[in-house]
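This briefing is written for a reader who is meeting the structure for the first time. Please keep the sequence and the model in view while going through the points below.

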Amino acid sequence: QGAEGREHRAKSAVLKELAKIEGVYVPSLNSSRLPARRTIGGSLEQYSSSGHESILRKQSREDKGIALLEQYCVEKRIIKDLDNSFFPTDIVVPYIQIVHDRIGIEIMRGCPHKCKFCQACKIFHPLRIRSVDRIMEIAEESVKNTGYEEISLLSLSSGDYPHIEELAGRLEEKFKPLGVKISLPSLRVSTFEERSGIDTLRRAGLTFAPEAGSERLRSTLDKKITDAEIIEKSRGALNSGWRKVKLYFMIGLPGETFEDLDAIASLTGKIKNVNLSINPFIPKPHSDFEREGMEDLETLKGKQRHLCSMLYALCSRAKADFHNPETSKIEAILARGDRRIGKVILKAWEKGLRLQAWTENFNYNLWDHAFQETGVDPEIYLKRKEKNEILPWGFIK
Ligand code: SF4
């Protein structure tokens, strides 16, 4: 008891010190009694923190004059200058094959676009650029230290990197003689061009993400790509040596109609040699759609069946990969959940669930039992949130 008590006191002291660092959030030092449907007009005591006001910003805001909410928030910290921030160049090289078995260099953080469904552009805001000189330095050191033969240039939208041609040219000049390949995984349709620079980074498959089938629905997402651009760039890529083009779409988007689904099939029919990835829309925290609801399983499955038959009718040779709606539902709950989800995850683990992102391991029934046995209603996390409803992630600014 004595030793345990001392350990507990030491841990509490460490947590209290950590909580003083701006940007650090310690859950145990903050109230977790946030009811699921508490509104901004709710009692202020519900949100009171157990201390550490010095590091948690007390914020006031008014919501349509309904009420004033005082909420304890934590504000994320931002690295302003990528060039002068630490970047590891002496990384561990595993002796078994791993998924990302290459050097990854982040060339840009943030995204210049603002697609409404996108969580990443909000989380990684603002846009910051790493200079070509610094990227070259990192690449040279990393290759020297690791012996890797591939460098992947990472960012949310690599084609928007403002010096992409200069970077591609210098990398090719330096590394082609050494047999080191360069890859560029995240291209937007409108930034993909067969310019000399990007053309040297050719790989077997290229993925574009139109997200929605029709221009009408795409415009509601602030995804500014026309059908003509998608067709032209996909055909251009196939003609210039890419073996496959994959198009990524979501279904169940806010405001979607069956005509929008038909538009996916007719767009696909206009491009040869294309694969599709079809994924249920999940309203992500921090995105502009964070208060939207997620469509129920039956509706999503009905839409999948409809799209399947349209694809069969209009472009039977296209290969379509449909993401399992049950998996998406669990992903959505985990993404949108509050602290109560912790006991559901523990229960799922006790039931033997492991590696749930692997299709062969995923077991929806056991997840269902985990919710029932812990008394947590999964549906509350999937419903549309009212404008004045407190969000579980609302304390992160
Ligand atoms: S979806 Fe891609 S292009 Fe759109 S904002 Fe997000 S990262 Fe940028």
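Helices, given as H or I and at least four residues long, and strands, given as E and at least two residues long, are DSSP runs numbered from the N terminus. With those names in hand, Pro283 can be placed in the loop that lies between strand S10 (274–280) and helix H9 (297–314). The model is a predicted one, and the protein in it has 12 helices and 11 strands.

**The protein as a whole**

- Of the 397 residues in the protein, 42% are buried.
- Among the contacts in the protein with a separation of 6 or more, 72% are accounted for by residues 24 or more positions apart.

**Helix H3 against helix H4**

- Helix H3 (residues 132–146) and helix H4 (residues 164–175) have axes that come within 10 Å of each other and cross at roughly 30°, which makes H3 roughly parallel to H4.
- The crossing in which H3 passes H4 is right-handed.
- On the side of H3 the contact is made by Val132, Asp133, Ile135, Met136, Ala139, Glu140 and Val143, while H4 contributes Glu166, Leu167, Arg170, Leu171, Lys174 and Phe175.
- Sorted by character, the residues of this contact between H3 and H4 comprise 8 nonpolar and 5 charged ones, with no polar residue in the list.

**The open sheet S3-S6-S7**

- Three strands form an open sheet in the order S3-S6-S7, and their pairing is parallel.
- Strand S3 (103–106) and strand S7 (181–183) stand at the edges with a single partner strand each, so one side of each of them is left without a neighbour in the sheet.
- On average, and with direction ignored, neighbouring strands of this sheet are turned by 25° against each other.
- Strand S6 (residues 150–154) runs parallel to S7 and is joined to S7 by 3 bridges, and Ile151 stands opposite Ile182 in S7.
- Helix H3 also packs on this sheet, where H3 touches S3 and S6, and the direction of H3 makes about 165° with that of S3.

**Pro283, in the loop before helix H9**

- Pro283 has a relative accessibility of 0%, and because buried means under 20% relative accessible area, Pro283 counts as buried.
- When neighbours within four places in sequence are left aside, Pro283 is in contact with Phe289, Glu292, Gly293, Met294 and Arg336.
- Although Pro283 and Phe117 are 166 residues apart in sequence, their C-alpha atoms are 6.8 Å apart in space.

**Ile231, in helix H7**

- Ile231 lies in helix H7 (residues 227–239) and is buried, with a relative accessible area of 12%.
- Not counting residues up to four places away in sequence, Ile231 touches Leu267, Lys270 and Ile271.
- The C-alpha atom of Ile231 is separated by 8.6 Å from that of Thr268, a residue 37 residues apart from Ile231 along the chain.

**Tyr25, in the loop after helix H1**

- Tyr25 is found in the loop between helix H1 (2–19) and strand S1 (57–62), and at 26% relative accessibility Tyr25 counts as partly exposed.
- Measuring from C-alpha to C-alpha, Tyr25 and Glu75 are 8.9 Å apart in space, whereas in sequence they are 50 residues apart.

Key
Residues numbered from 1 in each chain as written. Predicted model: local features only at pLDDT ≥ 70, side-chain atom pairs only at ≥ 80, totals over all residues. Heavy atoms only, no water. Axes fitted to C-alpha atoms, helices over the stretch in contact; angles between N-to-C directions. Parallel < 35°, antiparallel > 145°, perpendicular 65-115°, else oblique. Left-handed = near helix turned anticlockwise from the far one by under 90°. Contact = heavy atoms within 4.5 Å. Nonpolar A, V, L, I, M, F, W, Y, C, P; charged D, E, K, R; others polar. Buried < 20%, exposed > 50% of the residue type's maximum accessible area, 1.4 Å probe, protein only. Pairing = 2+ DSSP bridges.
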